[in-house]
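Colleague: Got a minute? I'd like to go through this one with you.

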Amino acid sequence: MEYKNQWFRVIRKGKFHYVDEPMAHNAAVVFIEFQGQLVLIEQYRVAAGCVLLATPRGYGEGQETSAACAVREAFEETGFRVSERDLKYLGKVRPNSAILTSVVDVYFGVAKENRAERLDTDEVTRVVLCSYDEFERKVTDGYVTDGFTLAGYLFLKLKMRSS
């Protein structure tokens, strides 16, 4: 092991280095829909050096399932409540299989109510509602660059098409 902190550790295996995120085994990305619009967040990401438009996501806590994590992250980051029993599992994402061991579950849920006040205000700059068409324009215009969001949206569109 080359380096370790509370979120990840860098491991060397021969000439290769990779990052293991032990807390990612129950992490989740969640797409939320409210009144026909996607609920997204703007969030400053230090590594990117800018504010990104993305879906809520986060590490699971303790023995929490990835579905429970999706529900909690949706509420903490947006103030919208999504029921765990109404979540639809979309698939798994390996955000960067060359250097990360992480595999993260992706979900979709419809929020039935809006809560004006967010709990996790130190992470999220702003909650953004946009139509599916508007979101896709933001993707093609290069405004949406977050890998979890792009991969998850592909899952969502393909699942919507097949149902």
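Modeller: Sure. One term before we start: helices, of at least four residues, and strands, of at least two, are DSSP runs, numbered from the N terminus. Also, this is a predicted model.

Colleague: Fine. How many helices and strands in the protein?

Modeller: Three helices and 10 strands. From the N terminus on, the order is β-β-β-β-β-β-β-α-β-β-β-α-α.

Colleague: And how does the radius of gyration compare with the globule rule?

Modeller: The radius of gyration is 16 Å, and the rule gives 15 Å for 163 residues. Those values are close, so the protein is as compact as a globular protein of that length.

Colleague: What does the C-alpha trace span along its principal axes?

Modeller: About 50 × 35 × 35 Å.

Colleague: What share of the residues is buried?

Modeller: Buried residues are 44% of the 163. The protein exposes about 9300 Å², with 52% of that supplied by carbon and sulfur atoms.

Colleague: And the contacts, what share joins residues at least 24 apart?

Modeller: 61%, counting contacts between residues at least 6 apart in sequence.

Colleague: Charges. How many positive and negative side chains?

Modeller: There are 22 positive and 23 negative ones. The centres of the two sets lie 6 Å apart.

Colleague: On to the inside. Which residues of the largest nonpolar core touch the most other members?

Modeller: Phe-31, Leu-38, Phe-135, Tyr-153 and Leu-156, out of 19 residues in that core.

Colleague: Which elements give two or more residues to this core?

Modeller: Five strands and two helices are on that list if you read it through: E4 (28–34), E5 (37–45), E8 (88–93), E9 (104–110) and E10 (126–130), then H2 (132–140) and H3 (147–162). Apart from this core lies another, of 14 residues, including Ile-32, Ala-67, Ala-70 and Phe-80.

Colleague: Take Leu-38. What is it in contact with, leaving aside neighbours within four places in sequence?

Modeller: Leu-38 is in contact with Phe-31 and Ile-32, then with Val-128, Leu-129, Cys-130 and Tyr-132. Phe-135, Tyr-153 and Leu-156 complete its list.

Colleague: Strand E5 also has a Glu, at 42. Is Glu-42 buried or exposed?

Modeller: Buried. Its relative accessible area is 10%, and the cut-off for buried is under 20%.

Colleague: What does Glu-42 touch, not counting residues up to four places away?

Modeller: Val-51, Leu-52 and Leu-53 on one stretch of sequence, and Val-124, Thr-125, Arg-126 and Val-128 on another. Tyr-143 is also touched by Glu-42.

Colleague: Where does Gln-35 lie?

Modeller: In the loop between E4 and E5. Gln-35 counts as exposed, at 70% relative accessibility.

Colleague: What about its phi?

Modeller: Phi of Gln-35 is near 50°, a positive value in a residue other than glycine. Most residues other than glycine have a negative phi.

Colleague: Switching to helix H1, residues 66–78. Is Ala-74 there buried or exposed?

Modeller: Buried, with a relative accessible area of 0%. Leaving aside neighbours within four places in sequence, Ala-74 is in contact with Val-30, Ile-32, Pro-56, Gly-79, Phe-80 and Val-82.

Colleague: How many Å between Ala-74 and Ala-111?

Modeller: 9.4 Å, C-alpha to C-alpha, and they are 37 residues apart in sequence.

Colleague: And from Lys-13 to Ala-111?

Modeller: Their C-alpha atoms are separated by 44 Å, at 98 residues apart along the chain. Lys-13 is found in strand E2, residues 9–13. Lys-13 is exposed, with a relative accessible area of 59%.

Colleague: Now strand E8. Is Gly-91 buried or exposed?

Modeller: Gly-91, found in strand E8, counts as buried at 6% relative accessibility. Beyond its neighbours within four places in sequence, Gly-91 is in contact with Val-104, Asp-105, Val-106 and Phe-155. The C-alpha atoms of Gly-91 and Val-104 are 8.5 Å apart, with their positions 13 residues apart along the chain.

Colleague: Last one, Leu-158. Where is its place?

Modeller: In helix H3. Leu-158 is partly exposed, with a relative accessible area of 40%. From Leu-158 to Glu-134 is 18 Å, C-alpha to C-alpha, and they are 24 residues apart in sequence.

Technical notes:
Residues numbered from 1 in each chain as written. Predicted model: local features only at pLDDT ≥ 70, side-chain atom pairs only at ≥ 80, totals over all residues. Heavy atoms only, no water. Rg over C-alpha atoms; globule rule 2.2 N^0.38 Å. Buried < 20%, exposed > 50% of the residue type's maximum accessible area, 1.4 Å probe, protein only. Contact = heavy atoms within 4.5 Å. Areas by Shrake-Rupley, 256 points an atom, 1.4 Å probe, with all protein chains shown as cover. Lys, Arg positive; Asp, Glu negative; His and termini not counted. Charge placed at Lys NZ, Arg CZ, Asp CG, Glu CD. Core = buried A, V, L, I, M, F, W, Y, C linked by side-chain atoms within 4.5 Å.
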